[in-house]
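Me: I have just opened this structure and would like a short tour of it. Could you take me through it step by step?

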Amino acid sequence: MAPAAVIIVITLLYPLGYMVYGSFRDWDPSQTIGETDWVGLRNYVVLYGDPAFRESLWVTLKFAFWVVTIEMLLGVGLALLLDRKLRGMSVLRTLFILPMMIAPVVVGLMWRYMYHPTVGTINRWLKEVGFSGVDWLGQNALLSVIIADVWQWTPFIFILALAALQSLPSSAIEAARMDGATNWQTIWHIKLPLMMPVLIVTCLLRLIDAFKVLEVILVLTEGGPGLSTEILALRISRTATEFRELGTAAAMSGYLMLLLMTLTAAMFIYTKLVERRAQRLARLVAETE
Amino acid sequence: MHAQDRQHPAFYAVLVALVFMSVGPICLMFINSFKLDVDILSGTSGLLFMPTLQNYETALCDVLPYEPEHLDYCALKIGGSFVNSLIISIVSTALTLVIGCMAAYALVRFQFMGRDVASVTTLAVRMLPPAVLLVPVFGLWNNEFCIDKNSFVGELIRDTFGGRGDVCLAGTHSGIILVYIAMNLPFVIWILQSFIVQVPRQLEEAARMDGAGPFQVFFLVVLPLIRPGLAAAAIFAFRIAWNEYLLASALSDRDTKTVPILIVNNMSEFNIEWGVIMATGMLLAIPPIIFTLLASRQIITGMTAGAVKG
């Protein structure tokens, strides 16, 4: 444990404290932090009034919301659809986890090629079917970025939902069938509530990861056009490395951390509530046997 | 039974469409990496073209056009970004595993002060976006964690390795490796914990009765039993280190940059050489694809251990 603790403290916890400290300073990367001026909450206040920062906060929230919603619906839907005894299921799952293992940078470049207005595969196919091409990386940039993320991460939810489905007590489902429940009713009243605890943890993991996304967007749109896809992570890295305003970037990170902690705490409390309900349901199922 | 039989054609159509959608883009990139840019851009035929290895050659070789004897000679980019990527991801994965499995074992089996705090911290740290880590690590590695060039240790290092200014972590392999270990440790500990819990205590006690010391118990009894967990953890740690871009780009210099940086640098140029970029991307994608095909079961177990038992 000791080596792990030392490394985590040196490379995670100490830097975090250092970041918070730096966010109160006028921090230029060429100086050591001791030489910089203390500015109190100025960085935070300036950011709060900055429309560009608010815009990127808004883009981040929009991106995270749509990505998680679409992926949860698709992933769980697929799992419910494919939850049958099927030959070649393991091959299928292997094919589905391939997108997750590929570097985000490569995913970005793959989709950048496919979205290309004239050369790109998607527009070429659209034209062949008789539609006019879509301006993917222009007006629809945010949508394009969301599609790319959905392609990469829906399988994650699919696999976890499938694992949850297959570990459900079969007695509960059979009992529901005996009572004459339709497929739809079984899914809605038995399967989904029992899966809920796993689904919520999955949702939480995806939500956290949605705030980490950066490379795909960087390669696909470079944040543009305008600020339409400049998520917070991208803005932080720009501010730090291109504009070299470490204090401002640190304050942005502070806001991002605050946002993440609030969301996680809310989800965590909700998880506890749902878990209790699922346990009650499981107990009911066990008693009816 | 009958109703289900009738569903089958549509069901299989959905299945085929899904596989096509998830693997299609990868196949497209694979095919395009063997095309010349002319073929990619003309776009008249998807499959009718002369396959060429030229893109891979450009991606992998240093061509020195001004020296005639080098014209047809492929000097592998030794010390180039592929080698950097390999060194950084292999070393960081190995170290993460060694440290992580010991930490996980300690967290599961031993009672000590601050155990719960450590357990919660590992979970909380998973939340941290690399972008948040970027600012402080950038500052620390460039300025604060430096050894003064005039101090004894600093002089010793500079005499051995060369260099002019203070000795800093930025721009070195170890600087990047250290960050990746820290990023991966919490996740690895988390996965391994759920595997170690399943190792029966009696087995360890029996080994101890036979006179095995604590290290022997750990290495000869526990480790072989959690091999699938180690495989899963190794693949996840390798995947992150091999694919990561942001921190690598901020912390590396010309000599230590990794393949993702190479790709992004080529992307933002005005005239994109699609063929070469796709070949580079393919080379970057191959190790994770091979791992996935070889160990998909372990990967899925690792993923479910993360969520279902979390």
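Reply: The following exchange goes through the two chains and then some surface patches.

Me: Before we start, what kind of model is this?

Reply: This is a predicted model.

Me: Fine. How many helices and strands are there in chain A?

Reply: Chain A contains 12 helices and two strands.

Me: And in what order do the elements of chain A run from the N terminus?

Reply: The order is α-β-β-α-α-α-α-α-α-α-α-α-α-α. Put in words, one helix is followed by the two strands, and helices make up the rest of the run.

Me: What does the C-alpha trace of chain A span along its principal axes?

Reply: The trace spans about 75 × 55 × 40 Å.

Me: How much of chain A is buried?

Reply: Of its 289 residues, 54% are buried. The surface that chain A exposes comes to about 13300 Å², and carbon and sulfur atoms supply 65% of that area.

Me: Which share of its contacts joins residues at least 24 apart?

Reply: For chain A the share is 67%, counted among contacts between residues at least 6 apart in sequence.

Me: On to chain B. How many helices and strands there?

Reply: Chain B has 14 helices and two strands. It consists of 310 residues, of which 48% count as buried.

Me: What about the contacts and the exposed area of chain B?

Reply: In chain B, 68% of the contacts with a separation of 6 or more are between residues 24 or more positions apart. The chain exposes about 15700 Å², with 65% supplied by carbon and sulfur atoms.

Me: Back to chain A. How many positive and negative side chains does it have?

Reply: There are 23 positive and 22 negative side chains in chain A, and the centres of the two sets lie 7 Å apart.

Me: Which residues gather in a patch of positive charge on the surface?

Reply: That patch consists of R276(A), R277(A), R280(A) and R283(A). R280(A) belongs to helix 12, residues 246-288 of chain A.

Me: Why does R280(A) count as partly exposed?

Reply: Its relative accessibility is 48%, and partly exposed covers the range between under 20% for buried and over 50% for exposed. R280(A) is therefore classed as partly exposed.

Me: Which residues make the nonpolar surface patch?

Reply: F65(A), W66(A), I70(A) and L74(A) form a nonpolar patch of about 380 Å². I70(A) is located in helix 3, which covers residues 51-82 of chain A.

Me: And how does I70(A) count in terms of exposure?

Reply: I70(A) counts as partly exposed because its relative accessibility is 30%.

Key:
Residues are numbered from 1 along each chain as its sequence is written. Chains are lettered from A and ligands numbered from 1 in the order in which they are written. This is a predicted model: local features need pLDDT of at least 70, side-chain atom pairs count only at pLDDT 80 or more; totals for chains, interfaces and linings use all residues. Side-chain values use heavy atoms; hydrogens and water are left out. Patches are made of residues with over 30% relative accessible area and no salt bridge: like charges are joined within 9 Å, nonpolar side chains (Val, Leu, Ile, Met, Phe, Trp, Tyr) within 5 Å. Accessible areas come from the Shrake-Rupley method with a 1.4 Å probe; for residues, only the protein chains shown count as cover. A salt bridge is a side-chain nitrogen of Lys or Arg within 4 Å of a carboxyl oxygen of Asp or Glu. Helices (H or I, at least four residues) and strands (E, at least two) are DSSP runs, numbered from the N terminus. Buried means under 20% relative accessible area, exposed over 50%, partly exposed in between (1.4 Å probe, protein chains only). Contact means heavy atoms within 4.5 Å. Lys and Arg count as positive and Asp and Glu as negative; His and the chain ends are not counted. The place of a charge is taken as NZ of Lys, CZ of Arg, CG of Asp or CD of Glu.
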